[in-house]
Amino acid sequence: MRVVLTQALATALWGCDPFNATFDEVEDAQYYEAQELIATEPPRGELVVMDWNIKFGGARIDFWFDCHGDRVLMDEDEVLENMEGLATKIRQVDPDVLLMQEIDIDSKRVAYVDQVQWLLDNTELNYAVFASQWRAHHVPTDGIGRVNMGNAILSKYPIRDAQRIAMPQISTNDALTNYFYLKRHILTSIVEVPEYGDLHVLNVHTDAFAQDGTKELQIDLFKDELDRIDRAGGIFVAGGDLNTLPPGSAQQNGFPDSICESEDFQADDFRAEEDALSAYYEDYTPAIPLEDYQADNSPYFTHSTQGGTFWNRKLDYLFTNGTFVPGSGLTHQNASSGGMETMPLSDHAPITVRFALEER
């Protein structure tokens, strides 16, 4: 009877979407512009590209989903203090293009601070596009309330043709759970680089908790989109938080900061995913060469779930079918690797690389 009632309620929700929680298969992304545009010279031969999962400006607060604490909400002072830390790091790197995951624009948990607009107004970046990954007028669990979190692409240069391409949800969730659950997607766009032309920029954040093969399917779909652009003659920079390890990772489970016991939050056993990214490394150029990573994993780790545990696994990536300047990939783990401590700022470390603007 419970299943029948759940299905009936889900059907009713889908019919009218009263919580504004659903998306079309393909829809336009949301465009942003800084309140005051900063005049930018054409790039001199290369672009600095940065990727960062910023944990919705939550810094190292122990939230409920990592099982280290029970926090759900932040007040505005906390959010702005944490955002200033993120902006300080971004200003230090001074990227031309920035891919971000887990950024909120209209959520109770971040005191409704629009983090995309805030970062545009507090860095040298001028333009942005955003696509929601978790949106609902009200999530009726754990005090979450209104939420709108997603992925964004920020740039010094104009962006056009930005779209949100939907990806499948976890198949083992019931329909009602999936109605309010995260809805993964590919955010694709074109950055108009002066004196160079169009650069495709794609951002993704695949599922962390899927145990049914959904994450692997999402990783494959993202690769399919890159292949489509490559076949059409486009040049891309693509990346994000793929929530899986590179081939040849020495440790694939048993991370000391993975303490969740609930089956709903098991995210850190990668033993069945050893080849999930092999095709990416075979077909395209990574910011961090695979041979460098396999020689010593630890300088390239980008994630830990608790501030007291140093980075201990790599989940974040940048790839291109163009050219990255050899040796320019960097994982900003701390002051000695990136010039600034990043452990206090998010549960992910940013990565950067220099993209060569070769003549076409």
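**Entry 1: Val-116 and the core**

Leaving aside neighbours within four places in sequence, with which residues is Val-116 in contact? I looked this up in what is a predicted model. Beyond those neighbours, Val-116 touches Tyr-32, Ile-103, Asp-104, Ile-105, Ala-128, Phe-130 and Ala-152.

I then turned to the largest nonpolar core, which has 33 residues. Val-116 is listed among those with the most contacts inside this core, together with Ile-90, Met-100, Ile-103, Leu-119 and Leu-154. Ile-103 thus appears both in this list and among the contacts of Val-116. I noted the elements that each supply at least two residues of the core: the helices α2 (76–93) and α3 (115–121), and the strands β3 (46–53), β4 (97–104), β5 (127–139) and β6 (145–155). The largest share is that of α2, with six residues.

**Entry 2: Salt bridges**

How many salt bridges are there? I recorded a count of 18. Side chains of opposite charge can pair when their charged atoms come close. I examined three of the pairs in turn.

In the first pair I looked up, Arg-146 and Asp-106 meet through their side chains, with N to O at 2.8 Å. Arg-146 belongs to strand β6 and Asp-106 to the loop between β4 and α3, so this salt bridge ties together parts that are 40 residues apart in sequence. I checked the accessibility of each partner. Arg-146 has 30% relative accessibility and therefore counts as partly exposed; Asp-106, at 25%, also counts as partly exposed.

Next I took Glu-192 and Arg-160, whose closest N and O atoms are 3.1 Å apart. This salt bridge links distant parts of the chain, with Glu-192 in strand β8 (residues 185–193) and Arg-160 in strand β7, 32 residues apart. Glu-192 is partly exposed, with a relative accessible area of 32%, and Arg-160 is partly exposed at 27%. I found both residues again in a network of salt bridges that links Arg-160, Asp-161, Glu-192 and Asp-198.

For the third pair, I found the closest N and O atoms of Arg-228 and Glu-225 to be 2.7 Å apart. Both residues lie in helix α5 (residues 214–231), three residues apart, so about one helical turn separates them. Is Glu-225 buried or exposed? Its relative accessible area is 13%, and Glu-225 is therefore buried, the cut-off being under 20%. Arg-228, in contrast, counts as partly exposed at 42%.

**Entry 3: The second largest pocket**

I read off a volume of about 190 Å³ for the second largest pocket. Which of its 14 lining residues are the closest to the centre? They are Phe-23, Ala-166, Met-167, Gln-169 and Lys-183. Two elements give two or more residues to this lining, namely β7 (159–166) and α4 (175–180). By class, I recorded six nonpolar, three polar and five charged residues in the lining.

**Entry 4: Cavities**

Finally, I looked for cavities of 30 Å³ or more and recorded three. The largest cavity holds about 50 Å³ of space. Which residues line the largest cavity? I listed Thr-244, Leu-245, Pro-246, Pro-247, Gly-248, Ser-249, Gln-252, Phe-270, Glu-273 and Glu-274. This lining divides into four nonpolar, four polar and two charged residues.

Technical notes. Residues are numbered from 1 along each chain as its sequence is written. This is a predicted model: local features need pLDDT of at least 70, side-chain atom pairs count only at pLDDT 80 or more; totals for chains, interfaces and linings use all residues. Side-chain values use heavy atoms; hydrogens and water are left out. On a 1 Å grid over the protein atoms alone, a cavity is a set of points where a 1.4 Å probe fits but cannot get out, and a pocket is an open set with protein on both sides within 12 Å along at least five of seven lines; lining residues have an atom within 4 Å of a point. Grid points are joined across faces, edges and corners, and a volume is the space filled by probe spheres set on the points. Helices (H or I, at least four residues) and strands (E, at least two) are DSSP runs, numbered from the N terminus. Ala, Val, Leu, Ile, Met, Phe, Trp, Tyr, Cys and Pro count as nonpolar, Asp, Glu, Lys and Arg as charged, and the others, Gly among them, as polar. A nonpolar core is a set of buried Ala, Val, Leu, Ile, Met, Phe, Trp, Tyr and Cys residues joined through side-chain atoms within 4.5 Å. Buried means under 20% relative accessible area, exposed over 50%, partly exposed in between (1.4 Å probe, protein chains only). Contact means heavy atoms within 4.5 Å. A salt bridge is a side-chain nitrogen of Lys or Arg within 4 Å of a carboxyl oxygen of Asp or Glu.
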